[in-house]
Amino acid sequence: MSVTLHTSLGDLKIEVFCETVPKTAENFLALCASGYYDGCLWHRNIKGFMIQTGDPTGTGKGGQSIWGKAFNDEIRSTLKFSARGMVAMANSGPDTNKSQFFVTYAKQNHLDAKYTIFGKVIDGAETTLDAMERTPVGEKYRPTVEIKLNSITIHANPIAEREAD
């Protein structure tokens with residue numbers, strides 16, 4: 001299962017781990033399908049670490065899950081921050097996932113078992129992700145030039161297909 005994030009700097013194609021983290025995948029894909037992420041800013045950008053989005057208010061303080069409340073982590077020992085392009089839920093502590101997520105710029109072992117990894121970049125890491133990482137930032141690591149998540153294309157959604165049966 002994959003989605004393409006169409007950003008103002010290019011596309012990022014992401015493989016979503018639906019079977020491994022089903023609740024997180026359901027939330028992410030439903031938010032994608034509803035247009036929730038369309039127009040969101042990438043509001044936090046730390047070179048060598050990660051870039052974050054998923055808050056419609058653009059402040060980094062907002063966002064909601066499809067259930068209207070935070071949901072539990074789905075930490076899996078088989079999923080590690082072992083490479084550039086890992087995609088995970090942002091949170092404010094254990095079991096506080098809502099809509100915000102981040103993409104890593106490098107291996108981040110210190111994040112293992114703290115954030116739910118739900119995907120990985122399979123196309124655009126050398127182009128779009130590089131351009132994002134090079135974007136200058138100001139206070140609180142906010143990009144000085146807006147980077148927008150314009151829209152998302154869902155290439156196949158097995159969760160929606162299962163519910164349709």
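## Exercises on a predicted model

Glu-133 is buried, at a relative accessible area of 15%. Buried means under 20% relative accessible area, with exposed over 50% and partly exposed in between (1.4 Å probe, protein chains only). This is a predicted model: local features need pLDDT of at least 70, side-chain atom pairs count only at pLDDT 80 or more, and totals for chains, interfaces and linings use all residues. Residues are numbered from 1 along each chain as its sequence is written, and side-chain values use heavy atoms, leaving out hydrogens and water.

**Exercise 1. Place Glu-133 and list its contacts.**

Step 1. Find the element. Glu-133 sits in helix H2, residues 128-134. Helices (H or I, at least four residues) and strands (E, at least two) are DSSP runs, numbered from the N terminus.

Step 2. Collect the neighbours. Contact means heavy atoms within 4.5 Å. Leaving aside residues up to four places away in sequence, Glu-133 touches Asn-45, Lys-47, Gly-48, Arg-84 and Tyr-105.

**Exercise 2. Is Phe-71 buried or exposed?**

Step 1. Locate Phe-71. The residue is in the loop between strand S5 (50-53) and strand S6 (86-89).

Step 2. Read the accessibility. Phe-71 has 3% relative accessibility, so it counts as buried.

Step 3. Check the contacts. Not counting residues up to four places away in sequence, Phe-71 touches residues including Lys-23, Asn-27, Met-89 and Asp-95.

**Exercise 3. Work out the sheet order and its edges.**

Step 1. Write the order. The open sheet has nine strands, S3-S9-S1-S2-S8-S6-S7-S5-S4, with antiparallel pairing. Two strands pair if DSSP finds at least two bridges between them.

Step 2. Mark the edges. Strand S3 (40-41) and strand S4 (44-46) each pair on one side only.

Step 3. Add the helix. Helix H1 (residues 22-34) packs on the sheet and touches strand S1 (2-7), strand S2 (10-16), S6, strand S7 (101-104), S8 and strand S9 (148-154). The direction of H1 makes about 110 degrees with that of S9. Axes are lines fitted to C-alpha atoms, for helices over the stretch in contact, and angles run from 0 to 180 degrees between N-to-C directions.

**Exercise 4. Find the partners of Ala-88 in S8 and S7.**

Step 1. Take S8. S6 and strand S8 (residues 117-123) pair in the antiparallel sense over three bridges. Ala-88 stands opposite Ile-117, and Met-86 opposite Lys-120.

Step 2. Take S7. S6 and S7 also pair in the antiparallel sense over three bridges. Here the bridge partner of Ala-88 is Phe-102.

Step 3. Sort the side chains. In a regular strand they alternate between the two faces of the sheet. From S6, Met-86 and Ala-88 point one way, Val-87 and Met-89 the other, and all are buried.

**Exercise 5. Describe the largest cavity and the largest pocket.**

Step 1. Fix the terms. On a 1 Å grid over the protein atoms alone, a cavity is a set of points where a 1.4 Å probe fits but cannot get out; a pocket is an open set with protein on both sides within 12 Å along at least five of seven lines; lining residues have an atom within 4 Å of a point. Grid points are joined across faces, edges and corners, and a volume is the space filled by probe spheres set on the points.

Step 2. Take the cavity. The whole structure has one cavity of 30 Å³ or more. The largest has a volume of about 40 Å³. Its lining includes Glu-74, Arg-76, Asp-112 and Ile-117.

Step 3. Take the pocket. The largest pocket holds about 330 Å³. Of its 18 lining residues, Gln-52, Ala-90, Asn-91, Ser-92 and Gln-100 lie nearest its centre.
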